[in-house]
Amino acid sequence: MTKATERAPRADALRNRDKLVTAARAVFAESGVDAPLDRIAADAGVGIGTLYRNFPSREALIEAVYRSQSEEIVANGRRFGETLPPDDALVAVFGEYLRTAASKRGMKEVILAELGAEAPVFVDSRAASQEMIGTILTAGQEQGTFRSDVTAADVFRLIGGLSMTCHPNMAPADSAPIVRVVIDGLRRVG
């Protein structure tokens with residue numbers, strides 16, 4: 001079959017892929033990226049062959065989980081931007097990133113080693129994240145909440161820096177005080 005005549009995946013195949021990504025997210029968060037793949041397959045309710053049909057390597061599964069988490073964070077951030085004042089929305093966005101930071105760090109290391117810093121999953125995630133953050137930041141700047149000299153790239157780097165302080169057993173409340181300090185630093189003075 002040529003690329004033009006390939007059929008779309010069957011609904012059950014898509015469901016299995018989604019179940020595998022969901023199970024891998026939970027297992028990686030609990031046990032790290034070196035967790036046994038047969039455990040992920042079992043938690044997803046599928047056989048190991050189904051896992052390998054969908055993800056021919058551990059790295060491919062890790063990349064799919066990383067992408068899934070990144071897309072979820074961006075979707076939640078957009079919702080926060082639409083429903084909360086800009087400063088509260090940005091606090092919530094920081095919380096989303098920090099909630100997954102420890103598990104994503106292990107995934108990021110694997111993807112870096114396999115595909116490099118400009119892996120499509122990183123490029124896509126960075127672009128979507130900066131666009132979402134930029135929307136919230138611009139709204140806050142237009143309202144006079146945030147300083148005008150701060151960019152979405154600056155905020156993204158701040159999130160990255162704070163993410164390095166996270167560990168797997170860290171409760172969301174543990175990072176709340178430092179997030180508030182960062183948000184206060186973004187506020188317009190006067």
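Asp87 is buried, with a relative accessible area of 17%, where buried means under 20% relative accessible area, exposed over 50% and partly exposed in between, using a 1.4 Å probe and protein chains only. The model examined here is predicted, so local features need pLDDT of at least 70 and side-chain atom pairs count only at pLDDT 80 or more, while totals for chains, interfaces and linings use all residues. Residues are numbered from 1 along each chain as its sequence is written, and side-chain values use heavy atoms, with hydrogens and water left out.

Asp87 makes a good starting point for a tour of the charged pairs. Its partner is Arg187, and the closest N and O atoms of this salt bridge are 3.0 Å apart; a salt bridge is a side-chain nitrogen of Lys or Arg within 4 Å of a carboxyl oxygen of Asp or Glu. Asp87 belongs to helix H5 (residues 86-115) and Arg187 to the segment after helix H8 (172-186), so the pair ties together parts that are 100 residues apart in sequence. Helices (H or I, at least four residues) and strands (E, at least two) are DSSP runs, numbered from the N terminus. Unlike the buried Asp87, Arg187 is partly exposed, at a relative accessible area of 23%.

The overall picture can now be drawn. The secondary structure of the protein chain consists of eight helices and zero strands, giving the pattern α-α-α-α-α-α-α-α along the sequence. The C-alpha trace spans about 65 × 40 × 30 Å along its principal axes. Of the 190 residues in the chain, 37% count as buried. Among contacts with a separation of 6 or more, 69% come from residues 24 or more positions apart, contact being defined as heavy atoms within 4.5 Å.

Two stretches carry annotations from UniProt, whose positions are given in the numbering used here; feature names are shortened, and annotations may be inferred rather than shown by experiment. An unreviewed entry places "domain: HTH tetR-type" at residues 14-73. In the model this span is 82% helix and 0% strand, and its end C-alpha atoms lie 21 Å apart. The annotation "DNA-binding region", also from an unreviewed entry, covers residues 36-55. There the chain is 75% helix and 0% strand, with 14 Å between the end C-alpha atoms.

How do the helices pack? Two packed helices are described by the angle between their axes and the distance between the axes. Axes are lines fitted to C-alpha atoms, for helices over the stretch in contact, and angles run from 0 to 180 degrees between N-to-C directions. The axes of helix H1 (residues 11-31) and H4 come within 9 Å and cross at roughly 85 degrees. That makes H1 roughly perpendicular to H4: angles of 65 to 115 degrees fall in this class, while those under 35 count as roughly parallel, over 145 as roughly antiparallel and the rest as oblique. On the H1 side, the contact includes Leu20, Val21 and Phe28, and on the H4 side Leu61, Ile62 and Val65 are among the residues involved. By class, this contact has eight nonpolar, two polar and three charged residues. Here Ala, Val, Leu, Ile, Met, Phe, Trp, Tyr, Cys and Pro count as nonpolar, Asp, Glu, Lys and Arg as charged, and the others, Gly among them, as polar.

Helix H4 (residues 58-83) also meets helix H6 (residues 120-142), with axes that come within 9 Å and cross at roughly 10 degrees. That makes H4 roughly parallel to H6. Participants include Tyr66, Ile73 and Val74 in H4, and Phe122, Met132 and Ile136 in H6. The contact of H4 with H6 has nine nonpolar, five polar and five charged residues.

Helix H4 leads back to the charged pairs, since it also holds Glu72. Glu72 is partly exposed, with a relative accessible area of 30%. Leaving aside residues up to four places away in sequence, Glu72 touches Arg25 and Arg99. Arg25, Glu72, Glu96 and Arg99 are linked in a network of salt bridges. Within this network, the side chains of Glu96 and Arg99 meet at 2.9 Å, N to O. Both lie in helix H5, three residues apart, about one turn of the helix. Glu96 counts as buried at 12% relative accessibility, whereas Arg99 counts as partly exposed at 44%. In all, the structure holds 13 salt bridges.
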